[in-house]
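Visitor: Please take one part of this structure and walk me through it closely. I would like the cut-off behind each term as it comes up.

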Amino acid sequence: MNKGAISQFIEKYYLHFNSAALVDAAKDYEKQLQGGSKMLVSLAGAMSTAEIGKIFAEMIRRDKVHIVSCTGANLEEDVMNLVAHSHYKRVPNYRDLTPQEEWDLLEKGLNRVTDTCIPEEEAFRRIQHKIVEIWKEAEAKGERYFPHEFLYKLLLSGALEEHYEIDIKDSWMYAAAEKNLPMVVPGWEDSTLGNIFASYVLKGELKASTMKSGIEYMTFLADWYTDNSKDGIGFFQIGGGIAGDFPICVVPMLYQDMERTDTPFWSYFCQISDSTTSYGSYSGAVPNEKITWGKLDINTPKHIIESDATIVAPLIFAYLLDM
């Protein structure tokens, strides 16, 4: 397929430094797919609130993503944007806010994520009322699911449909639910829905065991990696933190701790991050450091794009979608 205007633009003008790194990473991602490799994409930060779903959903629909690792925040915030978009408040002058102005936002039920405020009542509570029913129904049946599986059930049930405020095709979680896309959500407990679930456990209305745990996510990922790594699995990391560190560790765990020495390394690696290279920082570590941990091979294509992921990721995805 011929490349579209966006792809042609970046090939013509993105020739050096971070722009060239962007093009190299996109082309190697494409080669991975052409060679039959699968791709894991990790989402850190607040990419869902940044509305990455507008293009990431199409990546999922077009089978250019095969498994996702994301924070609990990214998992739920795509759904929140789906049902409460018109109630979000943009604060372009967020750097100038005083503590009093921040307090005023809190009293209005507006939780700020950089320049965007998420409305508590329309976003959090609108989902809470529906998801709690699904949690309790599963527990009554003696069933247990992962956090993302509960949200898949919620989306596919149509229970939130009356509240949709954006085109459903712009929700990456809905696209993932339709495909039952494999996912891991490390540290889900620190998300809003994780906190809400914990509150029901504290009140004795739910059992903690109804929600599958992080260790179960890791063992699921180990099995998935083992079953899907014949032609390689690439790793495309947006941001840093637990969304990236958790899944990349599955390879050394299988190789070293399980002593499965035929486990292949990740076949591609790219990280988009503006984190400064520093002492002891995972997000700021250069890709070669991962060789010493048994995550990447000497010959694994390695890319690091030191820039804002909200700018870079949509461009790479556009290239892969021939836009």
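**One helix, its cover and the strands beside it**

Guide: Asn74, Leu75, Asp78 and Val79 in helix α4 meet Trp172, Met173 and Tyr174 in helix α8; contact here means heavy atoms within 4.5 Å. This is a predicted model, in which local features need pLDDT of at least 70 and side-chain atom pairs count only at pLDDT 80 or more, while totals for chains, interfaces and linings use all residues. Residues are numbered from 1 along each chain as its sequence is written, and side-chain values use heavy atoms, with hydrogens and water left out. Helices (H or I, at least four residues) and strands (E, at least two) are DSSP runs, numbered from the N terminus.

The axes of α4 and α8 are 8 Å apart, and the two helices pack at an angle of about 105 degrees. Such axes are lines fitted to C-alpha atoms, for helices over the stretch in contact, and the angles run from 0 to 180 degrees between N-to-C directions. α4 and α8 therefore count as roughly perpendicular. That label covers 65 to 115 degrees; under 35 is roughly parallel, over 145 roughly antiparallel, and the rest oblique.

α8 spans residues 172–179, and six of its eight residues are buried, that is, under 20% relative accessible area (exposed is over 50%, partly exposed in between; 1.4 Å probe, protein chains only). Those six are Trp172, Met173, Tyr174, Ala175, Ala176 and Ala177. Their cover includes β1, α3, β2, α4 (72–84), α7 (147–157) and β6. Just after α8, Asn180 has a positive phi of about 50 degrees.

On the α4 side, Asn81 also lies in the helix. Asn81 counts as buried because its relative accessibility is 5%. Outside the neighbours within four places in sequence, the contacts of Asn81 are Glu51, Tyr88 and Ile166.

Next, the strands among that cover. β1 (residues 38–43) and β2 pair in the parallel sense over four bridges; two strands pair if DSSP finds at least two bridges between them. Leu43 has Cys70 of β2 opposite. With helix α3 (residues 53–61) joining in, β1 and β2 make a right-handed β-α-β unit. Right-handed means that, with the strands pointing away from the viewer, the path from the first strand over the helix to the second runs clockwise.

In a regular strand the side chains alternate between the two faces of the sheet. β2 (residues 67–70) sends Ile67 and Ser69 one way and Val68 and Cys70 the other, and all of them are buried. β2 is also joined to β6 (residues 183–184) by two bridges, and these strands run parallel. There, Ser69 has Val184 as its bridge partner.

β1 in turn runs parallel to β7, joined by six bridges, and Leu43 is bridged to Ile238 in β7. All six residues of β7 (233–238) are buried. Ile233, Phe235 and Gln237 point one way from β7, while Gly234, Phe236 and Ile238 point the other way. Beyond that, β7 is linked to β8 (residues 268–272) by five bridges, again in parallel, with Phe235 opposite Phe269.
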